[in-house]
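Work through the exercises below with the sequence and the model side by side, and try each task before reading its solution.

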Amino acid sequence: MQPKRLSWTFLGQMAGLLFVVSLLSTAHAQYYGGAYDGNQKDAPINVSSYPADIQHAYKTFRYTCSECHTLARAFDETSTPATAKHWVEVMQAKPAADFSDKQAQEIIKFLNYYHAHPPEAAW
Ligand code: HEC
C-alpha cells in the first residue's frame, strides 16, 4: 500500500537525521566546551599572579599530569598537601610515568600553592 511505503521511507529519513544530529552534538561537546574536556593540555587557569617558581612548576604539572588523563582529574583529589603528595607518588610509580623526583616535588609544590591560592576564574 502506498502510504505504508511512504511511512517507511519517512522513518528511514528520520533515523538518518537523528544519526547526523547525534554526530554533530558529539562533535560540538568535544570541540566547543561543555562537559567534555578531552585530554586538553592547557588548563585555562590564570597563573600570572603566581611567583615565578610556581609558574614554572605549573608548566611541569600541566605537561606531566595531562599525559594519561585530564588535568581536571589531577586537580580533583589533590587539595591537601597529604593527598597531593600521595597521588603524585602513586602516579610516579606507574610503569608509564616518566618524571623525576625533582619534577614530582615541583608538582606537589604547585598543587599546594594552587589549592591555597585558587585562581579567580575557576574552570
Ligand atoms: C602514566 C600515566 C599517568 C600519569 C603520567 C599521571 N596519571 Fe594520574 N592517573 C592515572 C591512572 C591510570 C589513574 C586511575 C587510578 C589509578 O589507576 O590509580 C589516575 C588517577 C589519578 C588521580 C585520582 C583521581 C580520581 O579519579 O580519584 C589523581 C588525583 C591523579 N591521577 C593525579 C595525577 C597527577 C597530579 C599527575 C601528575 C604528577 C598524574 N596523575 C599523572 C595515570 C596517570
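## Exercise 1: the two sides of a helix

The buried residues of α2 are Ala57, Tyr58, Phe61 and Thr64, where buried means that 20 or more other C-beta atoms, placed from the backbone, lie within 10 Å of the residue's own, exposed means 12 or fewer, and partly exposed means in between. The model is a predicted one, in which local features need pLDDT of at least 70 and side-chain atom pairs count only at pLDDT 80 or more, whereas totals for chains, interfaces and linings use all residues. Residues are numbered from 1 along each chain as its sequence is written.

Task: find how the buried residues of α2 are arranged about its axis, and which exposed residues lie on the face turned away from them.

Solution. Seen down the axis of α2, the buried residues fall within an arc of 140 degrees, so they line one face of the helix; the arc is that of the directions from the helix axis to the C-beta atoms. The face turned away from this buried side carries the exposed residues Ala52 and Lys59.

## Exercise 2: the partner of α2

Task: determine which helix the buried residues of α2 pack against, and how the two helix axes are oriented.

Solution. The buried residues of α2 pack against α5. The axes of α2 (residues 52-64) and α5 (residues 101-116) come within 8 Å and cross at roughly 110 degrees, with axes fitted to C-alpha atoms over the stretch in contact and angles running from 0 to 180 degrees between N-to-C directions. The two helices are therefore roughly perpendicular to each other, a term that covers angles of 65 to 115 degrees. On the α2 side the contact is made by Ile54, Ala57, Tyr58, Thr60, Phe61 and Thr64, and on the α5 side by Gln103, Glu106, Ile107, Lys109, Phe110 and Tyr113, two residues being in contact if their C-beta atoms, placed from the backbone, lie within 7 Å.

## Exercise 3: one residue of α5

Task: state whether Gln105 is buried, exposed or partly exposed.

Solution. Gln105 has its place in helix α5. Gln105 is partly exposed, because 14 other C-beta atoms lie within 10 Å. The C-alpha atoms of Gln105 and Lys85, which are 20 residues apart along the chain, are separated by 8.4 Å.

## Exercise 4: the whole chain

Task: say how many helices and strands the protein chain has.

Solution. The chain has five helices and zero strands, where helices (H or I, at least four residues) and strands (E, at least two) are DSSP runs numbered from the N terminus. Of its 123 residues, 15% count as buried.

Note on methods. Angles under 35 degrees count as roughly parallel, over 145 as roughly antiparallel, 65 to 115 as roughly perpendicular and the rest as oblique.
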